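Work through the exercises below with the model open. Each task is followed by a stepwise solution.

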Amino acid sequence: MNANLVSEVRSAFEEAGQGHVFNFWDRLSQEERKHLLKQACQIDLTRLKDASREALGQAGSVNDSDADLEPAPWIPLPSGVDSTRLWEEAEGIGEELLNAGKIAAFTVAGGQGTRLGFNGPKGAFPITPVSQKSLFQLFAEKIKAAQMRFEKPIMWFIMTSEINDEATKKFFIGNDNFGLSSSKIRFLRQGMMPAIRPTGEIILERPDRISMNPDGHGGFFRAVVDNGVAEEMRNAGIETISYFQVDNPLAPFLEPAFLGFHSMSGSEMSSRAAHKKGPDEKVGVFCKRNGNLSVIEYSDLPDNLARLRSEDGDLVFNAGNLAMHAIDLAFVERIGKNKGIYKLPYHSAKKKVPTVDAQGCKVTPKKPNGIKLETFVFDAIPLAKAPCIVEVCRADAFSPVKNAEGDDSIATCRSDQLRKYARWVKEAGGELPIDETGEPNISFEITPQFADSQDEFTRRWRDKSNLCIEDGLILD
């Protein structure tokens, strides 16, 4: 071990008020010292100091008297002749972009399936109602279907984290990349930040280990730049990144109309939104704050504003953030370099963080004792030129799987998939018994290869006049 490096790092931590990280150095083995030193070298102490000061002093909630808060304008779903023509124009532009190879898919997939009772990366969780395909496989099939439709390879970038990077890569290799070319798939790790105490001190998880956490989905910008991905995208002719999170199997991340609206509006960052189910739904809302298009997290919106309704009974702040964005590569590079006005704010999340006492003995806290520092991708929206919000039918596009039971659970996600399939069948003219919620009394699947939209399904359905939907059927 390089003694000069050890001395230099320890001195830097002492000067930053973080010297306690090395309190147990003398009793550590050589391997334990190497691990702790490696972690310490990965921490940017200046960045940590700034992030801690910002997050600990931040008041993210909106004041009840905030007079500059307004509902966000958005492009609504087509409802008449003029709006239908506008959507058709946007679809045509989006198809041209896809045909030209200017769009890349980007999945944020740094989490584990722990809350689902699953031991592995969340993207490996089996989610379809019949074949139990994983989230990753479903997204791969959507990409394959788009490649066939637009006759152009589509690059897929997957952002992992330190906790699941190796397992995610092994999952793809074990499944032969789900039929996609390995040359068109790239994995990149998001950054990590140490957990801190409310006083700003780094938390030791063990005598030889700093408690580290992914730096939030806002780390996407930095990861794209720091991992050389931005340069690779530019060399491949990619101009726009279609960003989505791994827990939403319904995500229409290669829908031409949305990509077309992004281009038509001259936007650097566009977003998909849908009407909130109710004031208590745990999604952020789009709004105009101090004249800038922004997202306010559900936990930061005062209850009276969350429940405020217009004369027609709709929620005033009803544009739910679905975590789907189209982001220009040039804008990603500006944010990723993290300079001046393009710096994303850090947020704090109180957590129960395993730690050690003064003697190095394990301590399992019964209440939050630490703070996780993270950035949010949507905080870049006010920094973007001409940000644009486009409505999407949530029944077709949004059913996240976050919990083992209850809301946004495995069961609700699979039921929503079945409702979507049943609606496609009914709208194509087929017969299918459904309950009052629209869910069929049988399980079946429509794969992206068979149809990736209602219009495509209707065409395929009419081509197969003898098709009968039965329990367990997989239309492939």
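**Exercise 1. Which element gives the largest share of the lining of the largest cavity?**

Solution.
- Step 1. The answer is α7, with three residues. Helices (H or I, at least four residues) and strands (E, at least two) are DSSP runs, numbered from the N terminus.
- Step 2. Fix the ground rules. This is a predicted model, in which local features need pLDDT of at least 70 and side-chain atom pairs count only at pLDDT 80 or more, while totals for chains, interfaces and linings use all residues. Residues are numbered from 1 along each chain as its sequence is written, and side-chain values use heavy atoms, with hydrogens and water left out.
- Step 3. Fix the terms. On a 1 Å grid over the protein atoms alone, a cavity is a set of points where a 1.4 Å probe fits but cannot get out; a pocket is an open set with protein on both sides within 12 Å along at least five of seven lines; lining residues have an atom within 4 Å of a point. A volume is the space filled by probe spheres set on the points, which are joined across faces, edges and corners.
- Step 4. List the lining: R47, D215, G218, G219, F221, R222, I335, G336, N338, L344, Y346 and T375. The elements giving two or more residues are α7 (219-226) and α11.
- Step 5. Sort by class. The lining has four nonpolar, five polar and three charged residues. Here Ala, Val, Leu, Ile, Met, Phe, Trp, Tyr, Cys and Pro count as nonpolar, Asp, Glu, Lys and Arg as charged, and the others, Gly among them, as polar.
- Step 6. Give the volume: about 110 Å³.

**Exercise 2. How many cavities of 30 Å³ or more does a search of the whole structure find?**

Solution.
- Step 1. The search finds two.
- Step 2. The second largest cavity holds about 30 Å³ of space.
- Step 3. Its lining consists of S242, Y243, P252, F253, F258, R272, M324 and H325. Strands β9 (240-245) and β13 (319-328) are the elements that give two or more residues.
- Step 4. By class, this lining has five nonpolar residues, two polar and one charged.

**Exercise 3. Describe the second largest pocket: volume, centre and lining.**

Solution.
- Step 1. The volume is about 1100 Å³.
- Step 2. The lining has 42 residues, and P252, E255, D452, S453 and Q454 lie nearest the centre.
- Step 3. Elements that give two or more residues are α4 (81-99), α5 (135-150), α9 (256-264), α12, α13, β19 and α14 (454-463). Helix α13 has the largest share, six residues.
- Step 4. The classes split into 22 nonpolar, six polar and 14 charged.

**Exercise 4. Is E281 buried or exposed, and what does E281 touch?**

Solution.
- Step 1. E281 sits in the loop between β10 and β11.
- Step 2. Its relative accessibility is 11%, so E281 counts as buried. The cut-offs are under 20% relative accessible area for buried, over 50% for exposed, and partly exposed in between (1.4 Å probe, protein chains only).
- Step 3. Contact means heavy atoms within 4.5 Å. Not counting residues up to four places away in sequence, E281 touches K276, Y298, R394 and F398.
- Step 4. The E281 side chain also reaches the backbone nitrogen of K277 at 2.8 Å.
- Step 5. E281 and R394 form a salt bridge (2.7 Å, N to O). R394 lies in helix α12 (residues 394-397) and E281 in the loop between β10 (269-275) and β11 (285-289), so the pair ties together parts that are 113 residues apart in sequence.

**Exercise 5. Compare the settings of two further salt bridges.**

Solution.
- Step 1. A salt bridge is a side-chain nitrogen of Lys or Arg within 4 Å of a carboxyl oxygen of Asp or Glu. This rule gives 26 salt bridges.
- Step 2. Take E31 and K34, with the closest N and O atoms 3.7 Å apart. They are three residues apart in helix α2 (residues 30-41), separated by about one helical turn. E31 is exposed, at 56%; K34 is partly exposed, at 44%.
- Step 3. Take E439 and R419, at 3.5 Å, N to O. E439 is in the loop between α13 (410-427) and β19 (445-446) and R419 in helix α13, 20 residues apart. E439 is buried, with a relative accessible area of 19%.
- Step 4. Add the network: shared partners join D50, R53 and K343 through salt bridges.

Definitions and conventions
Polar contact = N/O pair within 3.5 Å; in protein donor to acceptor, adjacent residues only side chain to side chain.
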